[in-house]
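These are my notebook entries on helix packing, aromatic pairs and burial. The structure I consulted is shown here.

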Amino acid sequence: MSTVSLALVGLAAQAGDEGFESPGQGSFQLPPIIDAIPWLTKPMLMAFLSVLLVAGFYLWTSRKPAIVPDKRQYAGEMAYSFIRNTLARDMLGQQDFMKFVPYLVALFSFILVNNLFGIVPLVQFPTFSHIGWTIALALVTWVVYNGVGISKHGFLGYLKLICWPSGVPWPLMFLVVPLEFLSNTVVRPVTLALRLFANMFAGHLVLLVFTLGGSYLVTQADSLLYAPVGAIAFLMGVALMFLELLVQVIQAYIFTILTASYISGSLAEEH
């Protein structure tokens, strides 16, 4: 795919007097919507909108619940049960899972909606292609699973749980203890944030290359020979949107299931 993208950009660069400006890091640096409010950028507005959409969806679907649900209530129950039954209960166990269901449902829903913004017409920008948002979510998860572990085991007990795995020979503890500490306190949130960010950033960039490059070759290139290449590239961009949809759902699920896994590890009696 990268070879095709580079070829497309190369053709576009030769196709007119001014050439084609290839999408890059600058495509993600969006100016403020209102100059007087520098923090109100498009990603910030979409994050606020996603909160309203998620809250509105669950309030709407849970309004006037009935024993026999209608389509509206059924949609809400399906979304809630997907995380409650297939993720939280299986990962956290029957005894502990319910207290974490609200967080996991909210987390999955928030990430999914912001990811889907990347393929919504007229929006077409995934909020989590800005790494600051993924870092913030990863830090919230970090506070939750460490807070749960300290609350259950005490500070020293939790520190022993995450740093002192059972069954490891004493001579290896000098190597294992610092590695386990770094893995649980540093590596986990970093990889959690980078995984989501990298997938959203790369996916959006690929879509920009194919859709903008294809449109340019069809509408603005000097030579008609570029038009068929542009049409194919644009159609590939449309096809890639469906692949990106799958990636967006999977990444929301992976972030949530890893969060549940980390909470489960904090609740465990042994590491």
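Entry 1, tyrosine 262. I looked up its burial in this predicted model. Tyrosine 262 has a relative accessible area of 9% and is therefore buried, the cut-off being under 20%. I then looked up its aromatic partner and found tyrosine 145, with the ring centres 5.4 Å apart. The planes of the two rings stand at 55°, so I record the pair as tilted. Tyrosine 145 lies in helix H5 and tyrosine 262 in helix H8 (residues 226-267), so I noted the separation in sequence as well: the two are 117 residues apart, and the pair links distant parts of the chain. For tyrosine 145 I read a relative accessibility of 1%, so this residue also counts as buried.

Entry 2, other aromatic rings. I noted that the structure holds six aromatic pairs. One of them joins tyrosine 145 to tyrosine 262. After this pair I turned to phenylalanine 197 and phenylalanine 201, both in helix H7 (residues 173-219) and four residues apart, about one turn of the helix. Their rings form a tilted pair, with 5.5 Å from centre to centre and 40° between the planes. Are these two residues buried or partly exposed? Phenylalanine 197 has 19% relative accessibility and so counts as buried, as the limit is under 20%. Phenylalanine 201, at 23%, counts as partly exposed. I also entered one aromatic cluster, formed by Phe82, Phe108 and Tyr253.

Entry 3, helices H5 and H6. I returned to H5 (residues 131-153) and examined how it packs with H6 (residues 155-163). The axes of the two helices come within 7 Å and cross at roughly 120°. That angle makes H5 oblique to H6, because roughly perpendicular ends at 115 degrees and roughly antiparallel begins over 145. The crossing of H5 past H6 is right-handed. On the H5 side of the contact I listed Tyr145, Asn146, Gly149, Ile150 and His153; on the H6 side I listed Phe155, Gly157, Tyr158 and Leu161. By class, this contact comprises five nonpolar residues, four polar ones and no charged ones. Tyr145 thus enters my notes twice, in the contact with H6 and in the pair with tyrosine 262.

Entry 4, glutamine 248. Which residues does glutamine 248 contact, leaving aside its neighbours within four places in sequence? I found Leu112, Asn115, Leu116, Gly118, Ile119 and Met200. Glutamine 248 is placed in helix H8. Its relative accessible area is 1%, so I entered glutamine 248 as buried.

Technical notes
Residues numbered from 1 in each chain as written. Predicted model: local features only at pLDDT ≥ 70, side-chain atom pairs only at ≥ 80, totals over all residues. Heavy atoms only, no water. Axes fitted to C-alpha atoms, helices over the stretch in contact; angles between N-to-C directions. Parallel < 35°, antiparallel > 145°, perpendicular 65-115°, else oblique. Left-handed = near helix turned anticlockwise from the far one by under 90°. Contact = heavy atoms within 4.5 Å. Nonpolar A, V, L, I, M, F, W, Y, C, P; charged D, E, K, R; others polar. Phe/Tyr/Trp six-rings, centres within 6.5 Å; stacked < 30°, edge-to-face > 60°. Buried < 20%, exposed > 50% of the residue type's maximum accessible area, 1.4 Å probe, protein only.
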